[in-house]
Amino acid sequence: MAQAVEDWYKQMPIITRTYLTAAIVTTVGCSLDIISPLNLCLHPTLVIKNYQFWRLITNFLFFRKMDLDFLFHMFFLARYCKLLEENSFRGRTADFFYMLLFGATFLTGTVLVGGMIPYLSESFAKIIFLSNSLTLMMVYVWSKQNPFIHMSFLGLFTFTAAYLPWVLLGFSVFVGASAWVDLLGMIAGHAYYFLEDVYPRMTGRRPLKTPSFIKALFTDDVVVVAQPLRFAVPQVEEVHQD
């Protein structure tokens, strides 16, 4: 059993394995009181005035308390992050990293701007961890790219993948989690899907093209395409005899 888990872990692509490991270590560390969640949460004042920039990253690593909702999010993180990286972004690790960077930036910006809007600021002020949102963003992107796959939720009912984000949203509400957090992830996922898949087909322009400096950080396996061999016909010189 332990060997099977180890093999499963080692077979994960690099980004999925790194994110899953960081999320589990951070959440377990907080559950054991080794790390304080207060040092990880998104706090705009501390980020800007005290230069605690690590909060822009660590708020995506903590998945609250270790309960049923945590187990579900770890499962969906491992599954759909892996599916995206191995299929849709196969051989494009830099593009996948840029998708996560876009999602994290979009979610952080939305929370910060929403915190300044009257009547909404109180709701956005409660969102100090965006890990669930980023996970649901990946699920949303995958569901839009594979909308006709048939799925089953706990064996209770079946549906197509296009409705998966809404099923997870309903489950989060059922277990008492905030609907705002999952809705933000769906909005971020739709923004990425539109800018990356829909808008380029409409205009021929790709606004989310991965910057070259990010591509330089990753070295993907080079796919070698064999070229057909072409044999030149040897030239024969004519010899004229006088």
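Here are a few short exercises, with worked solutions, on a predicted model.

**Exercise 1.** Find out how many cavities of 30 Å³ or more the structure holds, and work out what lines the largest cavity.

*Solution.*
- Start with the count: there is 1 cavity of 30 Å³ or more.
- Next comes size, and the largest cavity has a volume of about 80 Å³.
- Now list its lining: Asp-69, Phe-72, His-73, Phe-76, Thr-135, Leu-136, Val-139, Leu-168, Phe-171, Ser-172 and Asp-182.
- Map these onto elements, and the ones giving two or more residues to that lining are helix H5 (68–88), helix H8 (131–145) and helix H9 (164–174).
- H5 provides the largest share of the lining, with 4 residues.
- Finally, sort the lining by character: 6 residues are nonpolar, 3 polar and 2 charged.

**Exercise 2.** Pick out the residues that form a nonpolar patch on the surface with Leu-120, then place Leu-120 in the fold and classify its exposure.

*Solution.*
- Leu-120 shares the patch with Val-113, Met-116, Ile-117 and Trp-180.
- Together, the patch residues have about 460 Å² of accessible area.
- As for position, look in the loop between helix H6 (93–114) and helix H7 (121–125) to find Leu-120.
- Leu-120 counts as partly exposed because its relative accessibility is 30%.

**Exercise 3.** Decide whether Gly-114 is buried or exposed, and compare its separation from Leu-183 in sequence and in space.

*Solution.*
- Locate the residue: Gly-114 belongs to helix H6.
- Buried means under 20% relative accessible area.
- Gly-114 has 3% relative accessibility, so it counts as buried.
- For the pair, Gly-114 and Leu-183 lie 69 residues apart in sequence, while their C-alpha atoms are 13 Å apart in space.

Note on methods:
Residues are numbered from 1 along each chain as its sequence is written. This is a predicted model: local features need pLDDT of at least 70, side-chain atom pairs count only at pLDDT 80 or more; totals for chains, interfaces and linings use all residues. Side-chain values use heavy atoms; hydrogens and water are left out. On a 1 Å grid over the protein atoms alone, a cavity is a set of points where a 1.4 Å probe fits but cannot get out, and a pocket is an open set with protein on both sides within 12 Å along at least five of seven lines; lining residues have an atom within 4 Å of a point. Grid points are joined across faces, edges and corners, and a volume is the space filled by probe spheres set on the points. Ala, Val, Leu, Ile, Met, Phe, Trp, Tyr, Cys and Pro count as nonpolar, Asp, Glu, Lys and Arg as charged, and the others, Gly among them, as polar. Patches are made of residues with over 30% relative accessible area and no salt bridge: like charges are joined within 9 Å, nonpolar side chains (Val, Leu, Ile, Met, Phe, Trp, Tyr) within 5 Å. Accessible areas come from the Shrake-Rupley method with a 1.4 Å probe; for residues, only the protein chains shown count as cover. A salt bridge is a side-chain nitrogen of Lys or Arg within 4 Å of a carboxyl oxygen of Asp or Glu. Buried means under 20% relative accessible area, exposed over 50%, partly exposed in between (1.4 Å probe, protein chains only).
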